[in-house]
Amino acid sequence: MSAAERIRDRKKLIIEMLTRARGNRVLGGDIRNKIRESLGKDVSKATLSSDIKALVNEGYEIISGTEGYRLLNPEYDPKRSERAVFESVTADILARWLIMVILSEGYDRYMSAQEIMCRYREMTDSISLSKLKEHLSVLESLQYISRHTRQEAWEAGQTFRNVPGDGDNKAFYHICNNAPVISFIDREAVMDFNAYFHDGGYAGELESILKKINDKIAAVSTEIYTEGSGAYRSTGKRNDIPRDMLDKLNKILGMPFRKNALEIKYREKEGVRDHLFKTALIIFNVETNGFYLLGETRRRGRWLRKNLRLSEVTDISADVSIRNDIYESRKYREIFNKMWSSAPDEPADVEVIFEETPEILEKIKVLRKARKDTAIISFTKDVDGTGLIRYRDRIMGTHDFLRSVRSLGDAAVIIKPEKSRAHLITRTREMLEGYRKILEAGEKQ
């Protein structure tokens, strides 16, 4: 067997293991053992790494971490992708592409066949409803668009007025995430993205995706940086970071914090305290304009979750004798998904009922996107017919979340946590009592 044939067989075995494994994740040691059992030859870590890189170059999205290798696109078929690249362009293909462009014009847009047809006729030649539905059926079979009932579209945050003659079985169409739609992006926005990717970026699962975007931009522009640090994760808009904060961050990034624990001197109320700390994530909070180290510190022989603000770190060094086994772990990725802010409290169930208004609907759309892994959103009506939105979630940083909810005034009612609801009722009563006393004092004068 030639060397090329051996590489081909190893790559095929790796993809089969990753595709079949739970969560599409397999430890590197398990892959090497399977290769030895199936192909009768040991392979080194370097050889396995080389095979993984070859698969990534073929289009497979594979990342590595403390929990092994993970395949992010298990449905990917390089042969199908290759055929699609060289498919002949026909009038039907152009028509279907235009339909996808129409559906992607608005964020999370749901449209009926009649609405799509009207927009299609505005943009180009006339098309019959039967031909349009034929194209929609093909796009649906390719999983480029999805079909929904009126109720499903309503629950997704879209509202529609009932038109005489329309039944509840009327279909609405929605663009899928994997649809091959061309996007037109402002050049300045592209340069901002590249600067962000080069200077900071996302670690973990998003790194490979953002790098592909960056590489495609670099292919058509000589001004683009092609490498990104991928060292820390950021949420929200980019703020101006003080020089001393950047110096501390750069010092940490120069240390083996992914593999080893850190010895940190940390300023607290009682004075400077020593922490032996394992880093899980480095987070930037746009609200406080600060970096945080999320991880675990050792106290009395136990590792306990701790959130350290980088601005309070006075000194830092690496302890290479202790392995960091929690960096980018599944546990802390799940914790990150539940975080509303950098507060170190435990996750709590929250439930809020909003009055359905255009402003609230926009806020709910943002929440749905930002909290898609944990939020549950449903639509209902009050006894008087007023539209209501019930928002349920499990959040770390409930104080900051509820503060933003309370800023909406009467348009939001807090159901959970019950303690926060009771506190809000008590404060309202106190305010009303205060106003009553002021009015009574004014009447006596």
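Is Val 43 buried or exposed? To answer this, select Val 43 in the loop between helix H2 (28-39) and helix H3 (45-57). The structure on display is a predicted model, and in it Val 43 counts as buried because its relative accessibility is 11%, where the cut-off for a buried residue is under 20%. Next, show the surroundings of Val 43: leaving aside neighbours within four places in sequence, the residues in contact with Val 43 are Arg 10, Arg 32 and Ile 35. Add Asn 33 to the selection; ten residues separate Asn 33 and Val 43 along the chain, and their C-alpha atoms are 8.7 Å apart.

**Confidence along the chain**

Before moving on, colour the chain by pLDDT. The mean for the protein chain is 76, and 71% of its residues reach 70 or more. Helix H7 (residues 129-141) has the highest confidence, at 92, while strand S7 (residues 233-234) has the lowest, at a mean of 46. Select residues 229-238, where the pLDDT is below 50; in the model this stretch has 46 contacts beyond near neighbours in sequence. Residues 201-205 also deserve a selection, as pLDDT stays under 50 there, with 23 contacts in the model beyond four places in sequence.

**The sheet S1-S3-S2**

Return to the early part of the chain and select strands S1, S2 and S3. They form an open sheet of three strands in the order S1-S3-S2, with antiparallel pairing. Strand S1 (25-26) and strand S2 (62-65) are at the edges; each has a single partner strand, so one side of each has no neighbour in the sheet. Strand S3 (residues 68-71) is joined to S2 by four bridges, and the two run antiparallel. To see one such position, pick Ile 63, which stands opposite Arg 70 in S3. Now add helix H1 (residues 3-20), which packs on the sheet and touches S1, S2 and S3; the direction of H1 makes about 80 degrees with that of S3.

From H1, move to the loop that leads to S1 and select Asn 24. Phi of Asn 24 is positive, near 55 degrees, although the residue is not glycine. Most residues other than glycine have a negative phi. Asn 24 counts as buried because its relative accessibility is 16%.

**Helix H5 and the largest core**

Select helix H5 (91-103) together with helix H6 (113-123), H7 and strand S6 (172-175): each of these supplies at least two residues of the largest nonpolar core. H5 makes the largest contribution, six residues. The core has 20 residues, and those touching the most other members are Ile 99, Leu 103, Ile 116, Leu 132, Leu 136 and Ile 145. Centre the view on Leu 136, which touches Ile 99, Ala 113, Ile 116, Ile 145 and Tyr 173, not counting residues up to four places away in sequence. A separate core of 18 residues lies apart from this one, and includes Met 245, Met 255, Ile 282 and Leu 293.

Which residues of H5 are buried? They are Ala 95, Arg 96, Leu 98, Ile 99, Met 100, Val 101, Ile 102 and Leu 103. Their cover includes strand S4 (110-111), H6, H7, strand S5 (145-148) and S6. A distance between the end C-alpha atoms of H5 gives 19 Å, which agrees with the 18 Å that its 13 residues should span at 1.5 Å a residue.

**The sheet S4-S6-S5**

Three of the covering strands can now be shown together, as S4, S6 and S5 form an open, antiparallel sheet in the order S4-S6-S5. S4 and S5 are the edge strands; each has a single partner strand, so one side of each is left without a neighbour in the sheet. Four bridges join S5 to S6, which run antiparallel. Pick Ser 146 to find His 174 opposite, in S6.

**Towards the later residues**

Select Glu 328, in the loop between strand S12 (313-323) and helix H12 (330-338). Glu 328 is buried, with a relative accessible area of 12%, and its phi is near 55 degrees, a positive value in a residue other than glycine.

The last stop is a hairpin. Strand S14 (residues 376-381) and strand S15 (residues 387-395) pair in the antiparallel sense over six bridges. Select Phe 379 to find its bridge partner in S15, Ile 389. Five residues lie between the strands of this hairpin, where Gly 385 takes a positive phi near 90 degrees.

Key: Residues numbered from 1 in each chain as written. Predicted model: local features only at pLDDT ≥ 70, side-chain atom pairs only at ≥ 80, totals over all residues. Heavy atoms only, no water. Pairing = 2+ DSSP bridges. Buried < 20%, exposed > 50% of the residue type's maximum accessible area, 1.4 Å probe, protein only. Contact = heavy atoms within 4.5 Å. pLDDT = per-residue confidence, 0-100. Axes fitted to C-alpha atoms, helices over the stretch in contact; angles between N-to-C directions. Core = buried A, V, L, I, M, F, W, Y, C linked by side-chain atoms within 4.5 Å. Expected span 1.5 Å × (residues − 1).
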